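Work through these exercises with the model open beside you. Try each task before reading its solution.

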Amino acid sequence: MARSAEPTPRLITSAEELAALCDRLRTEPYVTVDTEFMRERTYWPELCVVQLAGESEVAVVDAQAEGMDLAPLGELLADPAVVKVFHAARQDVEIFLLKFGAVPTPLFDTQVAAMVAGFGDQASYDSLVRALAGAAIDKAHRFSDWSARPLSPAQIAYAAADVTHLRRVYRELREKLLNEGRLDWVAQEMDALAEPETYITRPENAWERLKPKTSNRRFLGVLRAAAGWREAEAQRVNIPRGRLVKDETLLELAASAPTNPEQLARARGVTEGFARGKSGTGLLAAIAEARALPDDALPEPLEARKGAGASPALVALLKVLLAAAAEAHNVAPKLLADTEDLERLASEAEPDVRCLAGWRREVFGEDALALKQGRLALGVAGRRVRLIRT
């Protein structure tokens with residue numbers, strides 16, 4: 001049977017048009033959503049375009065149009081009767097949380113759903129569109145300047161395609177998961193995405209993303225202070241953190257712990273003007289506070305949290321079990337557990353890790369505990385790993 005023609009995408013440039021569109025979409029069971037934004041010059045994402053599609057219409061909303069009021073969009077995203085469908089939702093959801101103060105609800109992320117449905121780790125939108133919608137994505141405008149106006153017809157068509165094909169991907173995935181009894185698995189994953197805390201970057205935790213490989217707690221204390229200052233300052237002035245101070249400079253400052261502008265200016269990437277200005281004064285004050293901390297107030301090395309004393313052989317066995325469980329249940333291994341989870345499993349009795357909760361515990365966690373307690377062994381049957389209950 002021939003597929004019906006897709007509706008022509010509409011460009012929405014006024015608050016009145018957006019309000020009418022959102023009123024219509026609130027009668028739909030679901031709406032597919034995507035955004036185009038710019039972040040190269042700012043800390044916070046600059047929303048440029050929002051794409052929306054229901055069963056019978058597709059629209060591209062110019063979020064920067066003169067006089068545009070996005071409040072009706074916020075009401076649509078908060079409507080509990082309409083499922084909001086995204087692919088790789090985190091960045092889009094972060095934008096809406098910043099804009100409206102709430103996470104869209106209820107959520108359905110097709111990337112997560114694809115991992116549950118056996119499409120591998122972090123299935124790309126392109127691959128899902130090919131596999132489930134029988135279409136190909138034109139990537140020509142992937143790196144467009146979405147803040148430039150007017151939007152070209154080609155940009156509008158590209159943006160609309162992201163939510164047009166997403167409808168078919170969502171329907172196919174949902175039906176597959178429903179038939180396999182796995183919609184509840186996806187729902188549990190969506191609970192984490194719906195938590196506002198998931199999208200909040202705390203300055204005091206910013207040092208962890210640098211993954212320092214040292215056990216020197218004084219070094220880590222200065223790094224925590226310097227990275228925390230950078231994160232808070234970048235948020236305040238709305239510039240990328242790396243434009244304020246580069247990662248490698250923070251690591252150098254953690255090692256040298258400068259006490260005055262002259263010492264600060266010797267660090268690679270730090271100018272004399274920065275060191276003697278307001279920013280340098282603030283950074284030096286943060287470092288001074290860290291230098292004065294007592295030993296018991298300094299952060300623990302990251303490695304100490306990752307299963308210190310874990311047997312490499314046991315971790316290796318757990319990795320084999322993880323691969324076998326993922327294969328048996330046709331689910332992405334990364335969704336079940338990561339390396340840190342396995343290291344903690346190997347070294348702690350029953351750690352607070354995601355693979356020991358919810359559906360993951362049933363699929364993998366219980367067997368992982370049994371393996372390390374000697375109640376389960378691994379063998380081979382043909383070309384597959386076999387679980388042997390002891």
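**Exercise 1: Unusual backbone spots**

Task: find the loop that holds Asn-238.

Solution. Asn-238 sits in the loop between helix 8 (217-237) and helix 9 (241-244). Helices here are DSSP runs of H or I with at least four residues, strands are runs of E with at least two, and both are numbered from the N terminus. Now check the backbone: phi of Asn-238 is near 60°, a positive value in a residue other than glycine.

This is a predicted model, in which local features need pLDDT of at least 70 and side-chain atom pairs count only at pLDDT 80 or more, while totals for chains, interfaces and linings use all residues. Residues are numbered from 1 along each chain as its sequence is written, and side-chain values use heavy atoms, with hydrogens and water left out.

Next, turn to the cis peptide bonds. One joins Thr-105 and Pro-106, with omega about -10°. Pro-106 lies in the loop between helix 3 and strand 6. Another joins Arg-149 and Pro-150, with omega about 5°. Pro-150 belongs to the loop between helix 5 (125-133) and helix 6 (153-179).

**Exercise 2: The six-stranded sheet**

Task: state the strand order of the open sheet, then name its edges.

Solution. The order of the six strands is 1-4-3-2-5-6, and the pairing is mixed. Two strands count as paired if DSSP finds at least two bridges between them. Strand 1 (10-12) and strand 6 (107-109) are at the edges; each has a single partner strand, so one side of each lacks a neighbour in the sheet. From one strand to the next, the twist averages 25°.

Look at one edge. Strand 5 (residues 83-86) pairs with strand 6 in the parallel sense over three bridges. There, Lys-84 stands opposite Leu-107 of strand 6.

Add the helix. Helix 3 (residues 90-100) lies across strand 2 (30-38), strand 3 (46-53), strand 5 and strand 6. Its direction is at about 85° to strand 2. Axes are lines fitted to C-alpha atoms, for helices over the stretch in contact, and angles run from 0 to 180 degrees between N-to-C directions.

**Exercise 3: Helix 14 and its partners**

Task: describe how helix 14 crosses helix 16.

Solution. Start with the axes. Those of helix 14 (residues 312-329) and helix 16 (residues 339-347) come within 9 Å and cross at roughly 125°. That makes helix 14 oblique to helix 16. Angles under 35 degrees count as roughly parallel, over 145 as roughly antiparallel, 65 to 115 as roughly perpendicular, and the rest as oblique.

Then list the contacts (heavy atoms within 4.5 Å). From helix 14, Leu-314, Val-315, Leu-318, Lys-319 and Leu-322 meet Thr-339, Leu-342, Glu-343, Leu-345 and Ala-346 in helix 16.

Finish with helix 17 (residues 358-372): its axis and that of helix 14 come within 10 Å and cross at roughly 150°. The residues in contact include Leu-317 and His-329 of helix 14, and Phe-364 and Asp-367 of helix 17.

**Exercise 4: The hairpin**

Task: which strands form a hairpin with two residues between them?

Solution. They are strand 7 and strand 8. Strand 7 (residues 376-381) and strand 8 (residues 384-389) run antiparallel, joined by six bridges. Leu-378 has Leu-387 of strand 8 as its bridge partner. In the turn, Gly-382 has a positive phi of about 65°.
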